[in-house]
Amino acid sequence: MTTPTAQGPSTTGANRVLVLNSGSSSVKYQLLDMSDRSRLAVGLVERIGEETSRLVHTPLVGKGDGRRERTGPIADHAAALKAAAEELAADGLGLDSPALAAIGHRVVHGGLRFTEPTVITDEVLEEIERLVPVAPLHNPANLTGIRTARALRPDLPQVAVFDTAFHTTMPEYAARYAIDVETADAHRIRRYGFHGTSHAYVSRKAAELLGRTPEEVNVIVLHLGNGASASAVAAGRCVETSMGLTPLEGLVMGTRSGDIDPAVTFHLERVAGMSTDEIDELLNKKSGLVGLCGDNDMREIRRRVDEGDEQAALAFDIYVHRLKKYIGAYSAVLGRVDAVVFTAGVGENSAPVREAAIAGLEGLGLTVDADLNAVRSDAPRLISPDHARVAVAVVPTDEELEIAVQTFALIGQAHN
């Protein structure tokens, strides 16, 4: 994937991009000014379809009245976007503004067809719809947000930015599972990977932090949030990633098991009498950290560890052990590693996780400076000592900015 630039349709005077991330019961949005990449407003509509719906809107420039909140029923995504549009309009940032260049949508699954940000057409929507069977929890919500936004501004370019796109550069030997080829192809079974916008942004920023171009470095990115994934990025291209057909595979996560013997599912069906839906819920919503110790908040788990809670300590150790396995495996895949980079909520904020994940990996050239690791900052930073053979870094992710940059660059190309 080429490095996106901020070149866009500045000749028209339209320099704003609205970024929408539509979930099954929520819509997150940000309005950005691409002339300087500043945020003009951010917001969240949650619990859509419930009596207790809530919209939180924060204008960041101009004459906005500060953080505002409204509660009460918001029936559907159409109502949610209309409410968000009203809040933006109240700050002079309405969707009817000629300064709005495009709307960028996060779409979780793009399959093999969508390897770059794509202007949304009816044909594109149909293909995203066809991918619903491999992303049943995500693509339907993304489609709802797209259709609602298109209805609100049918004249405005709308762009899909796919979580899977960054990982489509993986070689076939990394993307293929070792199952019957005809069955795999018939049902689109392969490794797709997710969190791609984060991995793209963070790997590029890590290169900048090292004073080099993305093409000059090999990086292991550890995106550690409630959902967690790892990627091996060689010369700016993803060559391996931990999530697979779905976001369930790979690292231990907040509520997802990550890697597990596939036969566990058969065993649970035969011996425990569990249905497919029950097993799906177990592995996706009742496993991971919450399944191991009852908590999926790493801050709470660390508090319990510090108080001597053995169950929390075991959960932490399992989490870290899986991280170490992936760091080692991806070091082998890359051959040469220039940096291991932590990002997302846990990766950016949990010094104990970073320290424990790197501990004992001196043979791979990895070590952490305790004082640097303890520093809390919103800036990209190195936490390895100067003499370290491999850099260890913390790079805050910014998926919304990445979506906005890719959207604006694509619209700029369309105008040229």
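Start by selecting Ala344, which sits in helix 12 (residues 344-349). You're looking at a predicted model, so take everything on this tour in that spirit. Check the backbone at Ala344: phi is positive, about 70°, although the residue is not a glycine. That's worth a stop, because most residues other than glycine have a negative phi. Turn on a surface and ask: is Ala344 buried or exposed? Ala344 is buried, with a relative accessible area of 7%.

**Another positive phi**

Now jump to Arg188, in the loop between helix 5 (181-186) and helix 6 (196-209). Arg188 is not a glycine either, yet its phi is positive at about 55°. As for the surface, Arg188 has a relative accessible area of 31%, so it counts as partly exposed.

**Helix 11 against helix 13**

Next, show helix 11 (residues 310-334) together with helix 13 (residues 351-358). Before you go through the side chains, here is what to look for: two packed helices are described by the angle between their axes and the distance between the axes. For helix 11 and helix 13, the axes come within 9 Å and cross at roughly 50°. That angle makes helix 11 oblique to helix 13. The crossing is right-handed.

Which residues meet here? On the helix 11 side, select Phe316, Tyr319, Val320, Leu323, Lys324 and Ile327. On the helix 13 side, add Pro352, Val353, Ala356, Ala357 and Ile358. Colour this contact of helix 11 with helix 13 by class and you get 10 nonpolar residues, no polar ones and one charged.

**Along helix 11 to the tyrosines**

Stay on helix 11 and select Tyr326 and Tyr330, which both lie in this helix, four residues apart, or about one turn. Is Tyr326 buried or exposed? Tyr326 is buried, with a relative accessible area of 13%. Tyr330 is buried too, at 3%.

Draw the rings of the aromatic residues now, since the count of aromatic pairs comes to two. One of them is Phe114 with Phe162: the ring centres are 4.6 Å apart and the planes are at 5°, so this pair is stacked. Phe114 lies in the loop between strand 6 (100-107) and strand 7 (118-119), while Phe162 belongs to strand 8 (residues 158-162), so the pair ties together parts that are 48 residues apart in sequence. Both Phe114 and Phe162 are buried. Back at the tyrosines, Tyr326 and Tyr330 form an edge-to-face aromatic pair, 5.5 Å centre to centre with 90° between the planes.

**Helix 1 against helix 3**

Hide the rings and bring up helix 1 (77-90) and helix 3 (residues 139-152). How far apart are their axes, and at what angle do they pack? The axes are 9 Å apart and the angle is about 55°. Helix 1 and helix 3 are therefore oblique to each other, and helix 1 passes helix 3 in a right-handed crossing.

For the side chains, pick His77, Ala78, Leu81 and Lys82 in helix 1. They meet Thr144, Gly145, Thr148, Ala149 and Leu152 in helix 3. By class, this contact of helix 1 with helix 3 has four nonpolar residues, four polar and one charged.

**Helix 7 against helix 8**

Move on to helix 7 (residues 263-271) and helix 8, which pack at an angle of about 130° with their axes 10 Å apart. That makes helix 7 oblique to helix 8. The crossing of helix 7 and helix 8 is right-handed. Select Thr265, Leu268 and Glu269 of helix 7, then Ile279, Leu282 and Leu283 of helix 8, and you have the contact. The residues of this contact of helix 7 with helix 8 divide into four nonpolar, one polar and one charged.

**Two distances to finish**

While helix 8 (residues 276-285) is on screen, click Asp280, which is found in that helix. Asp280 counts as partly exposed, at 41% relative accessibility. Draw a distance from the C-alpha of Asp280 to that of Val341, 61 residues apart along the chain, and you get 31 Å.

Last stop: Pro98, in the loop between helix 1 and strand 6. At 71% relative accessibility, Pro98 counts as exposed. The C-alpha atoms of Pro98 and Gly291 are separated by 50 Å, with their positions 193 residues apart along the chain.

Methods
Residues numbered from 1 in each chain as written. Predicted model: local features only at pLDDT ≥ 70, side-chain atom pairs only at ≥ 80, totals over all residues. Heavy atoms only, no water. Helix = DSSP H or I, 4+ residues; strand = E, 2+ residues; numbered from the N terminus. Buried < 20%, exposed > 50% of the residue type's maximum accessible area, 1.4 Å probe, protein only. Axes fitted to C-alpha atoms, helices over the stretch in contact; angles between N-to-C directions. Parallel < 35°, antiparallel > 145°, perpendicular 65-115°, else oblique. Left-handed = near helix turned anticlockwise from the far one by under 90°. Contact = heavy atoms within 4.5 Å. Nonpolar A, V, L, I, M, F, W, Y, C, P; charged D, E, K, R; others polar. Phe/Tyr/Trp six-rings, centres within 6.5 Å; stacked < 30°, edge-to-face > 60°.
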